Amino acid sequence: MRNFLTRLGRIDVLVIDDWVWEICEDRYQTRCTILTSQLPVSRWHERSVIPAIADGILDRFVHNAHRIEMRGESMRK
């Protein structure tokens, strides 16, 4: 796992569908990360199994973030 995280840490732009705590922690303030989720940011905390991890992730992503929130019907239909 450590080697995998090290390799991910070298990627300049990383796109993550939903989130993984270890990747978020390793990349914080060092590389660009694009995060996508069908769950609104306002609901991330309530869906986390461990609230302290949700706090850490939200702190890292919300701080210095550019957020784009899509509205309307899903294009996946």
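What follows is a friendly chat about a predicted model of a protein.

Reader: Hi! To get me started, how many helices and strands does the protein have?

Author: Hello! This is a predicted model, and in it the protein has four helices and two strands. Reading from the N terminus, the elements run α-β-α-β-α-α.

Reader: Thanks. What does the C-alpha trace span along its principal axes?

Author: The C-alpha trace spans about 40 × 25 × 25 Å.

Reader: And what share of the residues is buried?

Author: Of the 77 residues in the protein, 19% are buried.

Reader: Let's talk pockets. How much space lies in the largest pocket?

Author: The largest pocket holds about 1300 Å³ of space. It is lined by 34 residues, and those closest to its centre are Leu35, Thr36, His66, Arg67 and Ile68.

Reader: Which elements give two or more residues to that lining?

Author: Those are helix H2 (21–27), strand E2 (32–36) and helix H4 (51–62).

Reader: Which gives the most?

Author: E2 does, with five residues in the lining.

Reader: What is the lining made of, by class?

Author: There are 15 nonpolar, 11 polar and eight charged residues in the lining of the largest pocket.

Reader: Arg67 caught my eye. What does arginine 67 form a salt bridge with?

Author: Arginine 67 pairs with glutamate 69, and their closest N and O atoms are 2.2 Å apart. Arginine 67 is partly exposed, at 48% relative accessibility. Glutamate 69 is partly exposed too, at 42%.

Reader: How many salt bridges does the structure hold?

Author: Four. One of them joins aspartate 26 to arginine 2, with the closest N and O atoms 3.5 Å apart.

Reader: Where do aspartate 26 and arginine 2 lie?

Author: Aspartate 26 is in helix H2, while arginine 2 is in helix H1 (residues 2–9), so this pair ties together parts that are 24 residues apart in sequence.

Reader: Is aspartate 26 exposed or only partly exposed?

Author: Aspartate 26 is partly exposed, since its relative accessible area is 29%. Its partner arginine 2 has a relative accessible area of 53%, so arginine 2 counts as exposed.

Reader: Which residue does arginine 43 meet in a salt bridge?

Author: The partner of arginine 43 is glutamate 46, at 3.1 Å from N to O. Here arginine 43 counts as partly exposed because its relative accessibility is 35%. Glutamate 46 is at 53%, so that residue counts as exposed.

Reader: Why can such side chains pair at all?

Author: Side chains of opposite charge can pair when their charged atoms come close.

Reader: Switching topic: which residues make the nonpolar surface patch?

Author: Val13, Val15 and Ile34 make a nonpolar patch of about 260 Å² on the surface. Isoleucine 34 belongs to strand E2, the element that gives five residues to the lining of the largest pocket.

Reader: Why does isoleucine 34 count as partly exposed?

Author: Because its relative accessibility is 41%, and partly exposed covers the range between buried, under 20%, and exposed, over 50%.

Reader: One last thing on the backbone. What is the phi of glutamine 29?

Author: Glutamine 29 has a positive phi of about 60 degrees, although it is not a glycine.

Reader: And where does glutamine 29 lie?

Author: Glutamine 29 sits in the loop between H2 and E2. With 57% relative accessibility, glutamine 29 counts as exposed.

Reader: Great, thanks for the tour!

Conventions: Residues are numbered from 1 along each chain as its sequence is written. This is a predicted model: local features need pLDDT of at least 70, side-chain atom pairs count only at pLDDT 80 or more; totals for chains, interfaces and linings use all residues. Side-chain values use heavy atoms; hydrogens and water are left out. On a 1 Å grid over the protein atoms alone, a cavity is a set of points where a 1.4 Å probe fits but cannot get out, and a pocket is an open set with protein on both sides within 12 Å along at least five of seven lines; lining residues have an atom within 4 Å of a point. Grid points are joined across faces, edges and corners, and a volume is the space filled by probe spheres set on the points. Ala, Val, Leu, Ile, Met, Phe, Trp, Tyr, Cys and Pro count as nonpolar, Asp, Glu, Lys and Arg as charged, and the others, Gly among them, as polar. Patches are made of residues with over 30% relative accessible area and no salt bridge: like charges are joined within 9 Å, nonpolar side chains (Val, Leu, Ile, Met, Phe, Trp, Tyr) within 5 Å. Accessible areas come from the Shrake-Rupley method with a 1.4 Å probe; for residues, only the protein chains shown count as cover. A salt bridge is a side-chain nitrogen of Lys or Arg within 4 Å of a carboxyl oxygen of Asp or Glu. Buried means under 20% relative accessible area, exposed over 50%, partly exposed in between (1.4 Å probe, protein chains only).
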